[in-house]
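Open the model in the viewer and follow the stops below in order. Each stop says what to select and then what is there.

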Amino acid sequence: MKKTILSGSTVTGDLTLGNYIGAINNWKKLQEEYDCFYFLADLHALTVFQDPKILRERTYSFFAQYLALGLDPQNNTIFAQSHVPAHTELNWILTCLTPLGFLNRMTQFKEKSEKHEKNVNAGLYTYPVLMAADILLYQADLVPVGEDQRQHLELCRDLVGFFKNRYGDRILKMPEAHIEKLGARIMSLQDPLKKMSKSDENDKNFVSMIDDAKKIEKKIKSAATDSGSEIKFDVENKAGVSNLLTIYSVLSGKTIPQLEADYQGKMYGHLKVDLAEVVIQTFKPVKEKYDDLMKNRDHLDQLLKQGAEKAEARARTTISQVYEAVGLVPRLK
Ligand code: TYM
């Protein structure tokens, strides 16, 4: 039997090159070997203010991007979180097991509450518990994510331990994070000391997967580089160039030493021109497929329905077992 993978992306901002390299590219690589559940975290998006119309539109857009990037809805289960009520049901059970002290430690909560100081709501605080529910419902073995999700994965593993101590061993599976060595933290193009973020207000900081070629070229060419002129991987002293080399390496399959050798004696400008071309070629077919998919909402709705049905079947089994284990009376059929 194949092992299970689960991962998702919160439906906010624009899916970026960072999301692609840190997560979605790996989801694609793993989809043959594993039984994969990939989802649109639309409930998570509600932890910050959302315009309802934009959220709905963006959910279709993210879904179409997943498909255009090559995630196969026949072999995988691809769905929207809000279509499977068991996510919020398990969320409640786990919330009742989560010590406040564990949530107080979450660095993403601290960062986000500074950024959204007018809306520091309880959902933002308990967000990592919902994330644990997402993972545990599907009995996932592996969760491919970027570096920024490591702490949330640790909390999820703690919750499995708490559940096991209280209610028994065989109900929730202990998941492992899958974080690649290279590309797990792609940095902002203008400020390479900061993570590339899809909700960055300055869109020069990231490349979106559906940016057109001109935009991609402009953004990469204006990326901040470092003093000096040598093209060398050195995160401490050359954060900007190291970030560009990382992106180049993951997208082209060339190793970093190979790239350093190729660009020996060349200028930053050369690297940027070539990298822009690599990024453009990576996303060009994606953009074409994406535009096509977005023209047919009925098709997207049908695929979402099919995904929700497959997800629901697995999720229902887990939540029924959990309800029974914690002592809730089963409802007669
Ligand atoms: P999100 O939507 O912020 O990001 C989606 C995925 O992209 C990775 N990522 C990056 N990787 C490398 N460099 C970057 N600059 C970069 N930015 C983002 C993220 O690590 C993530 O893997 N809470 C999650 C969504 C979620 C989830 C889950 C993920 C909800 N439930 C259960 C896994 C399992 C989030 O907001 O990711």
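Select H3 and H12 in this predicted model: the two helices are oblique to each other, because their angle of about 130° falls outside the range 65 to 115 that counts as roughly perpendicular and is not over 145, the bound for roughly antiparallel. H3 covers residues 52-68 and H12 covers residues 268-294. Their axes are 9 Å apart, and H3 passes H12 in a right-handed crossing. To see the contact, show Glu57, Tyr60, Ser61, Ala64, Gln65, Leu67 and Ala68 on the H3 side. On the H12 side, show Val286, Lys289, Tyr290, Leu293 and Met294. Coloured by class, this contact of H3 with H12 has 8 nonpolar, 2 polar and 2 charged residues.

Stay by H3 and select Gln50, which sits in the loop between helix H2 (42-45) and H3. Which backbone oxygen lies 2.9 Å from a polar atom of the Gln50 side chain? It is that of Ala45. Leaving aside neighbours within four places in sequence, Gln50 is in contact with Val11, Thr12, Ala45, Leu55 and Arg58.

Next, select helix H7, residues 122-137, together with helix H4, residues 86-95. The axes of H4 and H7 come within 8 Å and cross at roughly 120°; the crossing is right-handed. From H4, the residues to display are Ala86, His87, Leu90, Asn91, Leu94 and Thr95. They meet Val129, Leu130, Ala132, Ala133, Asp134, Leu136 and Leu137 of H7. The contact of H4 with H7 divides into 9 nonpolar, 3 polar and 1 charged residues.

Keep H7 selected and add helix H6, residues 107-115. How do H6 and H7 run, roughly parallel or roughly antiparallel? Their axes come within 10 Å and cross at roughly 155°, which makes H6 roughly antiparallel to H7. This crossing is also right-handed. Gln108, Phe109, Lys112 and Ser113 of H6 meet Leu124, Tyr125 and Tyr127 of H7. By class, the contact of H6 with H7 has 4 nonpolar, 2 polar and 1 charged residues.

Two residues from these H7 contacts, Tyr127 and Asp134, come up again at the last stop. Select the ligand and the residues around it: 28 residues surround the ligand. The closest are Thr10, Tyr127, Asp134, Asp148 and Ile186.

Finish with three polar pairs at the ligand.

- Gly18: a polar backbone atom is 3.2 Å from a nitrogen atom of the ligand.
- Gly146: a backbone N or O atom lies 2.8 Å from an oxygen atom of the ligand.
- Lys198: an N or O atom in the side chain is 2.9 Å from an oxygen atom of the ligand.

Note on methods:
Residues numbered from 1 in each chain as written. Predicted model: local features only at pLDDT ≥ 70, side-chain atom pairs only at ≥ 80, totals over all residues. Heavy atoms only, no water. Axes fitted to C-alpha atoms, helices over the stretch in contact; angles between N-to-C directions. Helix = DSSP H or I, 4+ residues; strand = E, 2+ residues; numbered from the N terminus. Parallel < 35°, antiparallel > 145°, perpendicular 65-115°, else oblique. Left-handed = near helix turned anticlockwise from the far one by under 90°. Contact = heavy atoms within 4.5 Å. Nonpolar A, V, L, I, M, F, W, Y, C, P; charged D, E, K, R; others polar. Near = heavy atom within 4 Å. Polar contact = N/O pair within 3.5 Å; in protein donor to acceptor, adjacent residues only side chain to side chain.
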